[in-house]
Amino acid sequence: MRIILLGPPGAGKGTQATNLAKRLNLTHISTGDILRQNVSSGTDLGKQAKSYMDSGGLVPDDLVTQMLKRRISEPDAKGGFILDGYPRNISQVKALDEMLEKRNTNIDLVIYLDTSESVIIQRLSGRLVCRNCGAIFHRKNMPPKNDMLCDTCCGNLYQRTDDKEETIKTRLEVYKKEVFSLIQYYEASRKLHRISADEEAGIVLNKIVHLAEERNDSLKV
Ligand code: AP5
């Protein structure tokens, strides 16, 4: 199964995709995570992407699309995946459709995580991420057991550089400018389902699993 999680910064795409991947045995592909790994290891791609990410803008489509093409060609993506952070505009939608068409596959389900602005700000301002394994925490909502250490691998937790107030504002503006066309596109193909993502993470996950199971059943018929 191939699923897209759509939603604003802080909607919980990364949190939900991580848990959903475990529940459904799918591969979680986050373009933001891959870009951050490239930035921290100083690759050419990372050097080119850094300034866009620091300002809250989008990294140019050709860079991100090439990166995604390579990632979905890896063996672990063959059995299905969850996309988190891609596509972000209509040109990326088209590029994704082309990529999948060449593989005789398609997107099965698009879930839009509807989130209110006050929740987004609260979530992003308290987010902590593991520098080692990328696990996501929150100072209040999902605090680590040990202060600033990852529960999974004991790596150090840090605050993302784009989680500053000014950058969050820009990220939200960029998101709002593009999201409507994505929603329209996936609504027209009857793949989009909206759920409220303001609730507690476990409740949101159950709603997503339910939608995925329904879709999976309909694919078998
Ligand atoms: P990316 O990493 O994709 O950032 P984003 O889309 O802004 O989304 P976030 O990662 O901020 O939020 P999320 O929805 O994953 O929330 P999370 O689960 O962490 O992209 C970063 C940058 O990379 C972009 O700005 C751009 O520059 C570049 N980029 C990436 N993809 C690109 C593309 N395709 N094209 C061009 N450029 C691209 O949760 C947030 C917090 O809330 C956490 O602390 C979590 O613990 C907490 N939380 C989550 N869910 C709940 C809940 N239900 N209840 C309580 N707390 C919760």
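Let me start where two helices touch: G32, L35, R36, N38 and V39 in α2 meet L45, G46, A49, K50 and M53 in α3. Sorted by class, this contact of α2 with α3 holds 5 nonpolar, 3 polar and 2 charged residues. I should say at once that what we are looking at is a predicted model, and that everything I describe is computed from it.

How do α2 and α3 lie against each other, and at what angle do they pack? Their axes are 8 Å apart and the packing angle is about 115 degrees, and since angles of 65 to 115 degrees count as roughly perpendicular, α2 and α3 are therefore described as roughly perpendicular to each other. As for the hand of this arrangement, α2 passes α3 in a left-handed crossing.

Staying with α2, there is a second helix to consider, because α2 also packs with α4, residues 61-72, at an angle of about 100 degrees, here with the axes 11 Å apart. That makes α2 roughly perpendicular to α4 as well. On the α2 side the contact is made by T31, I34 and L35, and on the α4 side by V64, M67, L68 and R71. By class, the residues in this contact of α2 with α4 divide into 5 nonpolar, 1 polar and 1 charged. If you are following on the structure, please note L35, which is listed in the contact of α2 with α3 and is listed again in the contact of α2 with α4.

The next topic is a pocket, and α2 comes back here. Which element gives the most residues to the lining of the second largest pocket? The answer is α2, with 5 residues, while α2 (31-40), α3 (44-55) and β5 (127-130) each supply at least two residues of that lining. The space in this second largest pocket comes to about 520 Å³. Its lining is made of 19 residues, and those that lie nearest the centre are D33, R36, Q37, S40 and Y158. By class, the lining divides into 6 nonpolar, 6 polar and 7 charged residues. R36 is worth finding on the structure, as it is one of the residues nearest the centre of this pocket and is also among the α2 residues that meet α3.

Now to another pair of helices, α1, residues 13-24, and α8, residues 201-220, whose axes come within 10 Å and cross at roughly 50 degrees. With that angle, α1 and α8 are therefore oblique to each other, and α1 passes α8 in a right-handed crossing. From α1 the contact takes in Q16, N19, L20, R23 and L24, and from α8 it takes in A201, V204, L205, N206, I208, V209 and A212. Counted by class, the contact of α1 with α8 has 8 nonpolar, 3 polar and 1 charged residues.

Finally, two points about the backbone. N25, which sits in the loop between α1 and β2 (27-30), has a positive phi of about 55 degrees although it is not a glycine. And which form does the peptide bond from Y86 to P87 take, cis or trans? That bond is cis, with omega near 0 degrees, and P87 itself is found in the loop between β3 (81-84) and α5 (90-102).

Key:
Residues are numbered from 1 along each chain as its sequence is written. This is a predicted model: local features need pLDDT of at least 70, side-chain atom pairs count only at pLDDT 80 or more; totals for chains, interfaces and linings use all residues. Side-chain values use heavy atoms; hydrogens and water are left out. On a 1 Å grid over the protein atoms alone, a cavity is a set of points where a 1.4 Å probe fits but cannot get out, and a pocket is an open set with protein on both sides within 12 Å along at least five of seven lines; lining residues have an atom within 4 Å of a point. Grid points are joined across faces, edges and corners, and a volume is the space filled by probe spheres set on the points. Helices (H or I, at least four residues) and strands (E, at least two) are DSSP runs, numbered from the N terminus. Ala, Val, Leu, Ile, Met, Phe, Trp, Tyr, Cys and Pro count as nonpolar, Asp, Glu, Lys and Arg as charged, and the others, Gly among them, as polar. Axes are lines fitted to C-alpha atoms, for helices over the stretch in contact, and angles run from 0 to 180 degrees between N-to-C directions. Angles under 35 degrees count as roughly parallel, over 145 as roughly antiparallel, 65 to 115 as roughly perpendicular and the rest as oblique. A crossing is left-handed if the near helix is turned anticlockwise from the far one by less than a right angle, and right-handed if clockwise. Contact means heavy atoms within 4.5 Å.
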